[in-house]
Amino acid sequence: MPELPEVETIRRGLSNFIIEKKLKNSVILCEKSFIGKPTTGTVKNIRRFGKALIIDLDNNFSLMVHLRMTGQLIYDDKTAERYAAGHPSDNFIANLPNRQTRVILEFDSGKLYFNDQRKFGFIKVLPTKEIENDNFIKKLAPEPWKMSAADFYKRLQKHKNSCIKATILDQTIICGLGNIYADEALFLSHIHPARKSGSISKTEADLLLKSARKVMDRSIASGGSTMATYVKADGTTGDYLEKFAQVFRREGKKCSLCGEKIVKIKVAGRGTHICPHCQELK
DNA sequence: CTAGGATCCTGTCAGC
DNA sequence: TGCTGACAGGATCCTA
């Protein structure tokens with residue numbers, strides 16, 4: 001579920017609450033959701049690699065958190081408001097723990113709940129120095145801001161027989177986009193998601209890269225695409241979908257550019273939203 | 001090596 | 001009401 005902007009939003013938000021707090025105990029309610037040996041230590045830093053969140057402790061170990069499709073992190077300190085971010089669903093955070101709570105990280109003050117309906121996500125403990133050698137982390141491609149147009153074009157050519165949407169969803173080709181921002185970036189670029197990557201011109205690749213940066217920049221600036229069902233202690237409410245999304249989950253509504261109806265199709269095995277007029281399948 | 005589909009898991013919703 | 005299949009903001013594994 002959460003894509004790069006959501007994870008970045010979580011990183012920033014959570015930093016306000018758990019930096020310098022001591023992790024004292026890990027309650028593992030679902031074995032599958034916790035990889036490695038539980039550890040204790042004080043939180044020194046929170047980093048992000050693509051959609052993965054890294055919580056560095058002062059004992060040379062780090063917690064890697066990947067929310068995958070339905071993960072949520074909710075920090076609850078009885079003395080403060082609750083901070084919740086991740087997969088949008090209010091019933092997840094109504095009572096804690098609840099039946100979707102997989103792990104509880106207990107700090108010297110407050111608890112961080114890891115909820116995950118589908119159990120695809122995980123928290124993994126590993127030595128801090130090995131984070132960048134982790135199988136998932138080390139394969140990640142650069143994020144759009146760090147990739148040149150020429151490099152991006154070259155990567156598309158390498159996967160010329162895949163459809164462009166599948167290509168930009170592959171984190172080893174370009175890192176950070178998920179289903180929302182892939183659809184939005186392709187719409188802004190007037191590119192049909194089912195086109196072969198090899199058919200994308202240099203000009204189109206350049207526009208697509210810029211669009212990817214743009215949709216994610218906007219989302220980060222508005223606190224992610226999280227819906228207003230969140231309880232956020234810092235007062236922010238992610239509203240990218242309401243404010244900026246042009247196609248995602250807007251099937252049946254009018255395209256903001258031409259007025260034609262947005263339709264939902266299936267591309268690369270994923271629900272995909274397009275304006276059939278603005279995004280022609282050449 | 002690439003490309004496409006199945007798969008992990010739980011929950012919800014549309015349609016019969 | 002009860003059942004069934006499709007689908008879900010991700011990534012990996014298996015096959016050809």
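# Exercises on a predicted chain A and DNA strand B

Of the 14 residues around DNA strand B, those that come nearest are Arg 118, Lys 119, His 159, Asn 161 and Ser 162; a residue is near a strand if its C-beta atom, placed from the backbone, lies within 6 Å of it. This is a predicted model, in which local features need pLDDT of at least 70, side-chain atom pairs count only at pLDDT 80 or more, and totals for chains, interfaces and linings use all residues. Residues are numbered from 1 along each chain as its sequence is written, while chains are lettered from A and ligands numbered from 1 in the order in which they are written.

**Exercise 1. Sort the surface near DNA strand B by residue class.**

Step 1. Count Ala, Val, Leu, Ile, Met, Phe, Trp, Tyr, Cys and Pro as nonpolar, Asp, Glu, Lys and Arg as charged, and the others, Gly among them, as polar.

Step 2. The surface then has 3 nonpolar, 6 polar and 5 charged residues.

Step 3. Lys 119, one of the nearest residues, is in the loop between β9 (111–116) and β10 (122–127). Helices (H or I, at least four residues) and strands (E, at least two) are DSSP runs, numbered from the N terminus.

Step 4. Lys 119 is not a glycine, yet its phi is positive, about 65 degrees. Most residues other than glycine have a negative phi, and most peptide bonds are trans.

Step 5. Lys 119 counts as partly exposed because it has 15 C-beta neighbours inside 10 Å. The cut-offs are 20 or more other C-beta atoms within 10 Å of the residue's own for buried, 12 or fewer for exposed, and in between for partly exposed, with C-beta atoms placed from the backbone.

**Exercise 2. Describe how α7 is placed, and which residues of α7 are buried.**

Step 1. The 20 residues of α7 reach 28 Å from first C-alpha to last, close to the 28 Å expected at 1.5 Å a residue; the expected span is 1.5 Å times one less than the number of residues.

Step 2. Buried in α7 are Ala 205, Leu 208, Leu 209, Ser 211, Ala 212, Val 215, Met 216 and Ser 219. They lie on the same side of α7, because they cover an arc of only 160 degrees around the axis, the arc being that of the directions from the helix axis to the C-beta atoms.

Step 3. Thr 203 and Ala 221, on the other side of α7, are exposed.

Step 4. The cover over the buried residues of α7 includes α1 (4–18), α4 (149–158), α6 and α8 (240–243).

Step 5. After α7 comes Gly 223, with a positive phi near 80 degrees.

**Exercise 3. State how many residues of α6 are buried, and what covers them.**

Step 1. In α6 (residues 179–188), 8 of the 10 residues are buried, among them Ile 180, Tyr 181 and Phe 187.

Step 2. The covering elements include α5 (164–169), α7 (202–221) and β12 (270–274).

Step 3. Just after α6, His 190 takes a positive phi of about 60 degrees.

**Exercise 4. Find the cis peptide bond, and the place of Arg 249.**

Step 1. The cis bond joins Leu 96 and Pro 97, with omega about -10 degrees. Pro 97 is in the loop between α2 (90–93) and β8 (101–107).

Step 2. Arg 249 is in the loop between α8 and β11 (263–267). Its phi is positive, about 55 degrees, although Arg 249 is not a glycine.

How values were computed:
Two residues are in contact if their C-beta atoms, placed from the backbone, lie within 7 Å.
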